[in-house]
Amino acid sequence: MRGFRHHLDRVTSNPAILTAFDQVDRRHFLPSAQRSSASLDQPLPIGHGQTNSQPSTVAGMLDMLEVEAGHRVLDVGSGSGWTTALLGHLVGPKGSVIGVELVAELAQQGAENLATYDLPWASIIEATPGVLGDPANAPFDRILVSAGAKTLPDELVDQLTPTGLMVVPVAGRMTIVRRHPGQPDEITHHGQYRFVPLL
């Protein structure tokens, strides 16, 4: 059991999420200089001004995301590929996960890290500059954004299914966007968080 595990129990009781953390070793998604710190419940640098997010924060976001087996999920700001792998475990082989990362070197590293796990339904691609998310493969049941937006990114909301859900930090507050067919989107806020900026 890794050192941060007891922190996860404070933010989620979802057994599927806890199992995913047990199955996906954070060390495999960190630069060699950071691997000795993998058990710490804190964000760790992965280069290019980006971080591998704090485990308890990731667990809390996954809990809010309400991912189910078979879902199609978009992972925006996939970085080292850790969250993409966690999501891959949650959706299972009947689902799919696409991670998008703007920094080309990180997208390549993340894809290589992800390839060490048997999750062929999960992939990481380099984001197109000036395009948020992956509109070509939309719509998605769930969208996870691991970078802070200044305002709610409508471009990503538009990539949700009519019953989709997105978790995104907006202006320092964790925000959930829940779509309802024929009704206005339901937007709620859940605590203060600090993330690298959404580019």
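**Salt bridges, a buried helix and a pocket**

I'll start with one pair: glutamate 66 and arginine 178, whose side chains meet in a salt bridge with an N to O distance of 3.0 Å. The two residues sit far apart in the chain, 112 residues from each other. Glutamate 66 lies in the loop between helix H3, residues 55–65, and strand S3, residues 72–76. Arginine 178 belongs to strand S8, which covers residues 173–178. Before going further: this is a predicted model, and every value I quote is computed from it.

How accessible are the two partners? Glutamate 66 is partly exposed, at 36% relative accessible area. Arginine 178 also counts as partly exposed, with 23%; the cut-off for buried is under 20%.

In total the structure holds 5 salt bridges. Two others I want to show involve arginine 5. One joins arginine 5 to aspartate 22, with the closest N and O atoms 2.9 Å apart. That pair also links distant parts of the chain, since arginine 5 is in helix H1, residues 5–8, and aspartate 22 is in helix H2, residues 15–23, with their positions 17 residues apart. The other runs from arginine 5 to aspartate 9, at 3.8 Å, N to O. Which residues end up in one network through shared partners? Arg5, Asp9 and Asp22 do.

Buried or exposed, where does arginine 5 fall? Arginine 5 is buried, with a relative accessible area of 13%. Its two partners are not: aspartate 9 is partly exposed at 45%, and aspartate 22 is partly exposed at 40%.

Back to glutamate 66, and the helix before it. Glutamate 66 follows H3 and has a positive phi, near 55°. As for H3, 10 of its 11 residues are buried, so the helix is largely enclosed by the rest of the structure. Among the buried ones are Pro55, Val58, Met61, Leu62 and Leu65.

Val58 comes up again with threonine 83. That residue is in helix H4, which spans residues 82–91. Threonine 83 is buried, at 8% relative accessible area. What does threonine 83 touch, leaving aside neighbours within four places in sequence? The contacts are Val58, Asp75, Ser78, Leu144 and Ser146.

Last topic, the largest pocket. The volume of this pocket is about 380 Å³. There are 30 lining residues, and those closest to the centre are Val76, Gly77, Ser78, Glu101 and Ala147. Ser78, then, is both a contact of threonine 83 and one of the residues closest to the pocket centre. The elements giving two or more residues to the lining are strand S2, residues 50–52, along with H4 and strand S4, residues 96–101. Which element gives the largest share of the lining? S2 does, with 3 residues.

For the chemistry of the lining, the residues divide into 15 nonpolar, 14 polar and 1 charged.

To recap: Glu66 and Arg178 form a salt bridge, Arg5 is in a network with Asp9 and Asp22, H3 is largely enclosed, and the largest pocket is lined by 30 residues.

Technical notes
Residues numbered from 1 in each chain as written. Predicted model: local features only at pLDDT ≥ 70, side-chain atom pairs only at ≥ 80, totals over all residues. Heavy atoms only, no water. Salt bridge = Lys/Arg side-chain N within 4 Å of Asp/Glu carboxyl O. Buried < 20%, exposed > 50% of the residue type's maximum accessible area, 1.4 Å probe, protein only. Helix = DSSP H or I, 4+ residues; strand = E, 2+ residues; numbered from the N terminus. Contact = heavy atoms within 4.5 Å. 1 Å grid on protein atoms, 1.4 Å probe; cavity = no way out; pocket = protein on both sides within 12 Å on 5 of 7 lines; lining within 4 Å. Points joined across faces, edges and corners; volume = space filled by probe spheres on them. Nonpolar A, V, L, I, M, F, W, Y, C, P; charged D, E, K, R; others polar.
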